[in-house]
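Open the structure in a viewer and keep the selection tool at hand. The stops below go from the ligand to the empty spaces in the protein.

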Amino acid sequence: MTSSTATSAMTGEEIVALSKKHTIFEWSAQSKVEPIPVARAKGIYFWTPEGKRFIDFNSQLMCVNIGHGDERVVRAIQEQAAVLAYANPFMATEPRARLGAKLAELTPGDIDAFFFTNGGAEANENAIKIARWFTGRQKIVAFYRSYHGGTAGAMALTGDPRRLAAEPGIPGVIHVLNPYHGIQRGWDTTAQALAYLEETIQLEGAATIAGLIMEPVVGTNGILIPPDGYMQGIRALCDKYGILLIADEVMAGFGRTGKWFSIDHWNVVPDIITMAKGLTSAYVQLGAVGMRRKIADHFRDNVFFGGLTYNSHTLACACALATIAVYEEDGLIERAQQMGAVMKSLLADLQHKHPSVGAVRSIGLFGVVELVRDRKTMEPMAPFNGTSPEMQTLGRYFREEGLYTFVRWNTFFTNPPLCITEEQLREAFAIIDRGLNDVDRMLDA
Ligand SMILES: Cc1ncc(COP(=O)(O)O)c(C=O)c1O
């Protein structure tokens, strides 16, 4: 075996076999995983070593927002690596300085100080520490339909069933219901949802709650777009009770929803914001936690008790700057809005045509389809936290047809890179349409 180059010296089968033997795949029993071997990627596509092409309709893990293999970012990484790949976090570097200043420009309101991490989970770990130090309180409110990361604290914040294997988690986390209750029960009104939240805050003891963490648009747990007034209502409750609002923008940030940050749709300024994924489009790993000036000022005289060897990693900061320049140069935020409108109509077409489509939701290029057995009962196509033969068949069909996306429970996602063209969107939806024909037929049988 020769050393690796841009193309693989190993076959796809060899890569999978050796990876399965010596590496651990996440969230899975190892005997069950069937990874796709990936050799290269460009734009919205990636290829196996044997040259099978996939449309990346999930931007890998909802992170390669600018698309694969952008030469401007590759060049910036190469140039930075040649000059200074790393300086320790007690040093100050130009990429670090410039990135902090740039994010202060892009993030809402007076958020203007950032602590850099390796990814989203660590950003959330630091967010809850910051909320606790700043308020002197302990508890954190989080939502059941949420994912905040795989480390101990972030796992405890997470509401979805991935949390269960990590319990008991860190103390002090209170989970609350989202305004969405699944395809059969549907949505609360804004007033109902806010009244429930306020009652919970009162019953828990408002003065014990440091922060409320939320994905303004919930990602993996179903692209849940809050009803009108909900975000503003949460902001008002946090203000009323002195609770810090923490917006987890790890998945929904950086143009995914057609704004820089999803919370911008409601003109709400959180006290703390966390990000990763689209920040570098995953070319190099980087996360960040940003805070409003009043919180940053707290650390003028109080020690910031947090650290990471790779905090403010020079190469990663340079990569983020180059990535942000691509969003700006190519107008990708606006493009996500425009292509998002096209995707919304393609999703509506699916719902119109296929009896198995129970609901579609999207905002920008962040979309989901919920499948049901029956439009009248709205029985989901797979149970909560489970799968079914129909969902498995659909997943296999997508894979055979070269469409990569997440199929989870009774849902699948439509989250392409923001550089996607209308023609490419239509190509992907044509595959989805054919796959759903098969599902409809399975229901008829
Ligand atoms: C909303 C949200 N927060 C946090 C995370 C965790 O980020 P990471 O995997 O980079 O630690 C994710 C990852 O999917 C996420 O979707």
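This is a predicted model. Begin by selecting the ligand together with the residues that surround it: Gly119, Gly120, Ala121, Asn124, Tyr147, His148, Gly149, Glu215, Asp248, Val250, Met251 and Lys277. By class, this shell holds four nonpolar, five polar and three charged residues. Now show the secondary structure and pick out helix H5, residues 120–135. Helix H5 gives the largest share of the shell, three residues.

Next, look at individual atoms around the ligand. Select Ala121: one of its backbone N or O atoms is 2.7 Å from an oxygen atom of the ligand. Move to Tyr147, where a polar backbone atom lies 3.3 Å from a nitrogen atom of the ligand. Then select Asp248, which places a polar side-chain atom 2.7 Å from a nitrogen atom of the ligand. How much of the ligand does the protein bury? Taken alone, the ligand exposes 390 Å², and 82% of that is buried by the protein.

Leave the ligand and turn to the second largest pocket, with a volume of about 500 Å³. It is lined by 19 residues; select Arg96, Phe114, Phe115, Phe304 and Asn311, the closest to its centre. To see which elements give two or more residues to this lining, colour helix H4 (94–106), strand S4 (111–117) and helix H10 (293–301). The lining of this pocket divides into eleven nonpolar, five polar and three charged residues.

The last stops are closed spaces. Rolling a probe the size of a water molecule over the atoms shows where empty space is left. How many cavities of 30 Å³ or more are there? The count comes to two.

For the largest cavity, select Asn178, Pro179, Met214, Glu215 and Val218, which lie nearest its centre among the 16 lining residues. The space in this largest cavity is about 110 Å³. Its lining has eleven nonpolar, three polar and two charged residues. Glu215 has appeared before, as one of the residues around the ligand.

For the second largest cavity, select Ala87, Asn88, Pro89, Met91, Thr93, Arg96, Asn311 and Ser312, which line it. This cavity holds about 30 Å³ of space. Three of its lining residues are nonpolar, four are polar and one is charged. Keep Arg96 and Asn311 selected from this lining, and return to the second largest pocket, where Arg96 and Asn311 are among the residues closest to the centre.

Notes: Residues numbered from 1 in each chain as written. Predicted model: local features only at pLDDT ≥ 70, side-chain atom pairs only at ≥ 80, totals over all residues. Heavy atoms only, no water. 1 Å grid on protein atoms, 1.4 Å probe; cavity = no way out; pocket = protein on both sides within 12 Å on 5 of 7 lines; lining within 4 Å. Points joined across faces, edges and corners; volume = space filled by probe spheres on them. Helix = DSSP H or I, 4+ residues; strand = E, 2+ residues; numbered from the N terminus. Nonpolar A, V, L, I, M, F, W, Y, C, P; charged D, E, K, R; others polar. Near = heavy atom within 4 Å. Polar contact = N/O pair within 3.5 Å; in protein donor to acceptor, adjacent residues only side chain to side chain. Areas by Shrake-Rupley, 256 points an atom, 1.4 Å probe, with all protein chains shown as cover.
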